[in-house]
Structures are given as structure tokens and as C-alpha cells.
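Open the model in your viewer and keep the sequence beside it. We will start with the whole chain and then zoom in.

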Amino acid sequence: MTGTVTGEVRSPRRWRAGAFVALTKPRIVELLLVTTVPSMILATGGLPSLWLMAATVVGGAMSAGGANALNMYIDRDIDKLMHRTRNRPLVTGAVRPVEALLFASALIVVSFVWLWAFANLLAAALATAAAAFYVFVYSLWLKRSSVRNIVIGGAAGAMPALVGWAAVTGSLDWPPLVLFAVVFYWTPPHFWALAIRYRNDYRNADVPMLPAVTSLAVTARRIVAYTVLLVALSLLLVPVADMGVVYLLSASVAGGGFIGLAIDVMRNPDPARSMRLFGWSNAYLMILFGAVAADVLIV
């Protein structure tokens with residue numbers, strides 16, 4: 001039944017927890033947080049305080065979730081044009097735009113206060129800067145205007161490595177900057193692999209994502225170039241952070257697999273191969289940062 005006992009029609013815009021969680025893009029948040037805890041372990045040289053890890057993860061999740069929700073608010077007009085995004089809460093009406101805007105803004109504000117209170121001001125400032133960069137530089141400016149949107153915009157997703165280190169030390173150093181660079185250069189091949197599959201979506205929405213505005217051959221060559229640079233940067237962490245054999249072997253094997261799949265896409269850039277590469281790129285990031293933590297804790 002669609003009516004109440006008085007015969008009223010229920011509003012389709014109900015407050016549902018699941019819809020608001022979906023606004024935060026939880027899978028992306030999980031992937032970002034994979035880089036936070038290993039950075040904290042590396043900064044400590046062992047296992048940090050469990051409370052500090054929990055507080056940093058919660059604060060980082062709120063900041064990233066708020067930025068993602070604002071991204072959905074900004075992109076609600078083009079999300080309805082794309083097959084991949086047409087079921088998002090602001091497209092379906094599960095959440096109203098004003099609700100999403102207030103929810104997202106509150107998450108970012110609470111995140112800043114939370115991280116300042118339970119970690120330190122630098123960690124709070126870095127997390128908030130990442131959210132601001134994602135919203136204003138990527139979502140509002142680059143995404144719809146530049147083919148380099150995801151290249152530059154990837155800086156926002158690389159910030160959690162800095163946040164984790166800063167939460168422990170209250171400062172920055174070369175190891176977290178290398179980790180930042182790793183995630184920064186991981187982002188383009190990761191996202192372009194997905195964008196090959198959905199290139200027509202981006203064309204329909206008039207978003208200049210690389211595979212939508214150039215040939216698949218050009219896209220695939222750039223994927224290979226960025227992947228090679230990514231693997232080289234991952235190995236740079238060995239001398240910079242004095243990493244051991246666990247990390248070196250993990251980075252070498254996982255990186256070799258990444259390069260191999262990227263070359264496979266270059267040879268035949270079809271959606272099936274690009275999605276295999278996309279899937280491996282997610283696993284690669286978890287393996288690499290898991291190896292950072294394991295190398296420190298095992299030794």
C-alpha cells in the first residue's frame with residue numbers, strides 16, 4: 001500500500017540511513033583509508049595507539065565522505081545522464097539536494113573539529129584541504145573543463161597518507177610525501193581503466209575524461225606510462241623509508257602485475273581488459289600499503 005491510514009500518499013523523499021551512507025561513496029572512502037593506517041604505522045615505527053588510529057580513521061572517513069557527498073551534489077545534473085551513476089540518491093530523489101548539502105557540510109566541519117581534538121591541527125588541516133581540493137578544484141573546475149581532470153584531481157585522494165603521518169608526528173617528512181606521490185600517480189591509470197568501460201557515459205554527460213575525448217590507444221599508452229612511473233615511485237620508498245625485503249618483494253611483484261595488465265590493455269584496449277586492470281589496481285593499492293605495515297610490524 002502507498003497510502004497512510006488517512007489516505008495520504010507517502011513522500012518518496014524519506015530520510016533513509018542507507019541513502020545518506022551512499023552519498024559518502026563508502027567504497028571510495030574505504031580505499032582512501034587503506035593508505036592512512038599504514039602511513040601511521042610507518043611514522044610510529046610500530047603500532048600506534050589504537051585510539052589514535054581509530055580517531056584518525058573516523059575523522060578521515062567523515063572528511064572524505066563529506067567531500068564525496070558534495071561531489072554528488074555538484075554532479076547531480078550529469079549523474080542522471082550516466083548509466084554508472086543514475087541510481088545515486090540525488091538522482092533517484094531518495095535525498096533532496098538541500099539535505100545532501102547540509103549533510104556533507106556538517107561532516108566536513110565535524111571532521112575538522114574531531115581531528116583537531118583527537119589528533120592534531122596539522123592532520124585536521126590536511127584532511128580539510130583534501131576535501132576542499134576535491135570539491136573546488138576537481139568537482140567544480142577541472143572535471144568538466146580539462147582532460148587532465150583526474151590527473152590533477154588525484155591529489156585529493158593522495159592526502160590520507162599525509163594525514164596519517166601527521167596524526168602521529170604532527171609534521172611531515174619524505175616518506176609520507178613518497179606515499180602521497182604513489183597514490184597520486186596510481187589514480188590516473190586506476191580511473192582511466194574504469195573510464196574506458198564507461199567512455200560513452202562521459203561523452204553523453206560532456207565530461208572530458210581522457211578515454212571520452214581521445215582514442216583508446218592513446219589512453220592505453222598513457223596508462224602504461226603512469227603505471228611505470230607509479231611502480232618506480234613505489235620502489236623509491238625502499239631507500240627513503242628504509243623499507244625491508246617484505247615491502248620490496250611485494251612492491252616488485254604487485255607492480256610487475258600492474259605493468260603487465262596495463263601493457264595487455266595497450267595491446268587490446270577493450271572494456272573487459274580495462275576492467276581487469278581496474279580490479280587489479282584496487283588490489284595493488286591494498287597490497288602495497290599492506291606491505292608497508294607488514295614490513296614495519298614483522299621486522
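The tour below moves from the overall fold to one patch on the surface.

This is a predicted model: local features need pLDDT of at least 70, side-chain atom pairs count only at pLDDT 80 or more, and totals for chains, interfaces and linings use all residues. Residues are numbered from 1 along each chain as its sequence is written, and side-chain values use heavy atoms, without hydrogens or water.

**Select everything.** Switch to cartoon view. The protein has 15 helices and zero strands. Both are DSSP runs numbered from the N terminus (helices: H or I, at least four residues; strands: E, at least two).

**Show the C-alpha atoms.** They fill a box of roughly 70 × 50 × 35 Å along the principal axes. The radius of gyration is 20 Å, which agrees with the value near 19 Å for a compact globule of 299 residues. That radius is taken over C-alpha atoms, and the globule rule is 2.2 Å times the number of residues to the power 0.38.

**Colour by burial.** Of the 299 residues, 52% are buried. Buried means under 20% relative accessible area, exposed over 50%, and partly exposed in between (1.4 Å probe, protein chains only).

**Select Trp174, Leu177, Leu236 and Val240.** These residues make a nonpolar surface patch of about 380 Å². Helix H10 (174–197) and helix H13 (216–241) each give two or more residues to the patch.

**Finish on Leu236.** Leu236 is found in helix H13. Is Leu236 buried or partly exposed? Leu236 counts as partly exposed, because its relative accessibility is 39%.

Technical notes
Patch = residues over 30% accessible without salt bridge, like charges linked within 9 Å, V, L, I, M, F, W, Y side chains within 5 Å. Areas by Shrake-Rupley, 256 points an atom, 1.4 Å probe, with all protein chains shown as cover. Salt bridge = Lys/Arg side-chain N within 4 Å of Asp/Glu carboxyl O.
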